[in-house]
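Student: I'd like to learn how to read a model like this one. Could you walk me through it, feature by feature?

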There are 2 protein chains.
Amino acid sequence: MAVHDAQFVHQECSDCPIRHRAVCARCDADELGKLEQIKFYRSYQAGQPVIWSGDRMDFVGSVVTGIATLTQTMEDGRRQMVGLLLPSDFVGRPGRASAAYDVTATTDLVMCCFRKKPFEEMMLATPHIGQRLLEMTLDELDAAREWMLLLGRKTAREKIASLLAIIARRDAALKLRSPKGALVFDLPLTREEMADYLGLTLETVSRQVSALKRDDVISLEGNRHVTVPDFDRLLEEAGDDNDGGYLV
Amino acid sequence: MAVHDAQFVHQECSDCPIRHRAVCARCDADELGKLEQIKFYRSYQAGQPVIWSGDRMDFVGSVVTGIATLTQTMEDGRRQMVGLLLPSDFVGRPGRASAAYDVTATTDLVMCCFRKKPFEEMMLATPHIGQRLLEMTLDELDAAREWMLLLGRKTAREKIASLLAIIARRDAALKLRSPKGALVFDLPLTREEMADYLGLTLETVSRQVSALKRDDVISLEGNRHVTVPDFDRLLEEAGDDNDGGYLV
DNA sequence: CGTACGCTTGAAAAATGTCAAAGGACGTGG
DNA sequence: CCACGTCCTTTGACATTTTTCAAGCGTACG
């Protein structure tokens with residue numbers, strides 16, 4: 001299978017699906033033109049690594065399509081996912097030489113990349129980029145803190161429900177609907193990846209998914225295809241007080 | 001006791017103890033002068049709230065001296081600390097009307113504040129501020145992700161050792177020493193606050209502190225004064241592979 | 001057809017939480 | 001200076017949750 005996805009090899013920024021959410025969102029036509037000159041696309045197959053923690057990182061970029069994960073691993077192999085990267089999310093840190101986390105494509109993935117040096121120079125010359133990146137980073141920080149509450153204080157059942165709610169919400173946003181009433185979506189993660197995200201074992205994830213199914217909070221067709229008959233019920237199970245939460 | 005600490009009511013920026021680490025770190029003399037015109041100091045006694053989640057927030061600012069915490073609370077009272085704010089750390093989010101977390105002074109606290117509106121205007125006019133804030137926010141995001149690993153995957157004992165290591169490291173940095181060999185410091189948190197930070201109960205915290213004491217990883221004088229005879233041993237107990245970690 | 005992979009389920013073990021009691025430090029007022 | 005009360009902490013016994021280890025199921029794919 002080709003590493004390059006022809007559809008994106010010469011994408012125009014103006015037609016880009018993440019034009020208004022990514023790090024370039026605030027750029028005007030002129031600024032976009034400059035970005036266009038230094039950008040390039042990379043594609044990864046599902047399961048492939050994008051970068052390993054500690055590796056030199058000479059590019060930064062945005063997820064255009066697909067999903068990637070950010071994970072940390074301890075010496076003895078314990079793993080914790082610390083980020084789920086969706087279209088428009090930014091990868092890499094300007095000013096840092098090497099990657100701090102493992103980045104892996106969990107679905108087929110297309111990234112819009114910039115070599116780090118030119119991008120950093122453009123950041124200094126183009127405040128709109130830094131402003132947008134700040135905004136996105138603050139959003140990610142909020143999401144990380146929301147996740148800290150989940151990891152530190154929620155029960156296994158609440159964790160599963162929370163993850164399903166986040167995925168459902170994002171999926172609804174992608175379809176430009178508000179998450180109300182009945183929802184149907186596909187899980188982008190295996191049970192093991194869910195476990196790594198939630199700080200659980202895959203067995204506990206499996207058991208709690210079964211329990212939510214038994215209690216009619218969700219129903220499943222196959223292992224990935226989820227139906228949520230009542231989104232509010234799911235939110236109750238998640239233990240979230242504010243339903244207008246942050247996206248990941 | 002007076003709410004205002006006279007020492008800081010009319011501090012010159014050039015003499016400020018956090019001048020080179022706070023959000024103003026990159027500002028030149030001219031920019032600093034403008035900031036100086038819109039700043040004001042606020043003091044809080046230990047235990048006082050700085051702001052409640054959901055409250056309107058009409059200022060942002062930096063911790064000058066003392067320690068504050070950021071916490072989230074669930075409807076049923078479960079609490080998770082999501083940030084420990086040390087001198088130079090920034091509080092508040094430009095562009096957001098209300099606070100997302102409870103902020104509490106755990107020690108006597110002095111903050112250097114700016115009304116939100118003028119600060120936001122200055123951010124647009126003064127790239128150095130936004131640049132520094134981006135850098136600080138990226139650091140916080142890294143710290144949050146490090147904490148996600150702790151919350152999701154570490155044992156109670158490792159959690160305690162990690163927290164002690166972080167505090168020891170910060171304390172050493174404050175005294176301009178590198179954390180090596182034997183260290184002595186004071187815990188700025190109660191057992192309950194430690195529990196809220198670590199996603200544990202206060203009883204488990206107490207038991208694990210006792211266990212580390214029994215195993216000579218630390219020794220205590222009173223409940224707060226800690227001696228670490230061997231910092232590397234503490235790091236082993238923390239399960240950290242990389243000892244050159246991030247500060248909180 | 002068989003193998004591999006992801007998933008589910010059960011039983012037992014381990015870690016952590018809950019409830020309860022009591023010890024110790026510290027500040028206040030007598 | 002002492003007595004008292006409050007708050008923080010420790011410890012024990014027991015309950016609960018989650019993990020660990022093990023076995024088996026189902027589907028996709030060679």
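**Reading the model together**

Tutor: Let's start with one residue: B:Ser62 sits in strand S3 of chain B, which covers residues 59–65. Keep in mind as we go that this is a predicted model.

Student: Is B:Ser62 buried or exposed?

Tutor: The thing to look at is relative accessible area, where under 20% means buried. B:Ser62 counts as buried because its relative accessibility is 2%. You can then ask what packs around that spot. Beyond its close neighbours in sequence (those within four places), B:Ser62 is in contact with B:Ile18, B:Ala22, B:Val23, B:Asp89, B:Phe90, B:Val110, B:Met111 and B:Cys112.

Student: Which strand holds B:Gln80, and what does its side chain pair with?

Tutor: B:Gln80 is in strand S5 of chain B. It's buried, with a relative accessible area of 0%. For a polar side chain in a place like that, look for polar partners. A polar atom of the B:Gln80 side chain lies 3.0 Å from the backbone oxygen of B:Asp196, and one lies 3.0 Å from the backbone oxygen of B:Tyr197. Check the chain letters too: with neighbours up to four places away left out, the contacts of B:Gln80 include A:Met148, A:Leu149, A:Gly152 and A:Arg153 from chain A, along with B:Leu70 and B:Leu151 from chain B.

Student: What should I make of a positive phi?

Tutor: Most residues other than glycine have a negative phi, so a positive one is worth a look. B:Ser88 is a case, with phi near 95°. It lies in the loop between strand S5 (79–85) and strand S6 (90–91) of chain B, and it is buried, at 3% relative accessible area. B:Asp216 is another non-glycine residue with a positive phi, about 60°.

Student: Where is B:Asp216, and is it buried or exposed?

Tutor: B:Asp216 is in the loop between H7 and strand S10 (219–221) of chain B. With a relative accessible area of 56%, it is exposed.

Student: How do I read a nonpolar core?

Tutor: In soluble globular proteins, nonpolar side chains tend to be buried together. The largest nonpolar core here has 115 residues, and the ones touching the most other members are A:Trp147, A:Ile160, B:Trp147 and B:Ile160. Apart from that core lies another, of 48 residues, with A:Ile18, A:Tyr41, A:Met136 and B:Cys13 among them. Back to A:Ile160: setting aside residues up to four places away in sequence, it touches A:Met194, A:Leu198, A:Leu200, A:Val205, A:Gln208, A:Val209 and A:Leu212.

Student: Does a database record add anything for that part of chain A?

Tutor: An unreviewed UniProt entry annotates residues 154–232 of chain A as "domain: HTH crp-type". In the model, that span is 53% helix and 14% strand, and its end C-alpha atoms lie 18 Å apart.

Student: Now the DNA. Which residues are closest to DNA strand D?

Tutor: Begin with who is there, then ask which part of the DNA they meet. DNA strand D is surrounded by 17 residues, the closest being A:Thr204, A:Arg207, B:Arg191, B:Ser206 and B:Ser210. By class, that surface has three nonpolar, eight polar and six charged residues. Its largest share, five residues, comes from H7(B). Sugar or phosphate makes up 60% of the strand D atoms within 4 Å of the protein, with bases making up the rest.

Student: Which side chains pair with the bases of strand D?

Tutor: A:Arg207 has a side-chain N or O atom 2.8 Å from a base oxygen of DNA strand D. For B:Arg207, a side-chain N or O atom is 3.0 Å from a base nitrogen of DNA strand D. On the backbone side, a polar side-chain atom of B:Asn223 is 3.3 Å from a sugar or linking oxygen of DNA strand D.

Student: And how many residues surround DNA strand C?

Tutor: There are 16 around DNA strand C, with A:Arg191, A:Ser206, A:Ser210, B:Thr204 and B:Arg207 the closest. Of the strand C atoms that come within 4 Å of the protein, 62% are sugar and phosphate. The largest share of this surface, five residues, is supplied by H7(A). Don't forget the protein backbone when you look for contacts: polar backbone atoms of B:Ala156 and B:Thr201 lie 3.0 Å and 3.3 Å, respectively, from a phosphate oxygen of DNA strand C.

How values were computed
Residues numbered from 1 in each chain as written. Chains lettered and ligands numbered in written order. Predicted model: local features only at pLDDT ≥ 70, side-chain atom pairs only at ≥ 80, totals over all residues. Heavy atoms only, no water. Near = heavy atom within 4 Å. Polar contact = N/O pair within 3.5 Å; in protein donor to acceptor, adjacent residues only side chain to side chain. Helix = DSSP H or I, 4+ residues; strand = E, 2+ residues; numbered from the N terminus. Nonpolar A, V, L, I, M, F, W, Y, C, P; charged D, E, K, R; others polar. Buried < 20%, exposed > 50% of the residue type's maximum accessible area, 1.4 Å probe, protein only. Contact = heavy atoms within 4.5 Å. Core = buried A, V, L, I, M, F, W, Y, C linked by side-chain atoms within 4.5 Å. UniProt positions renumbered as here; feature names shortened; annotations may be inferred.
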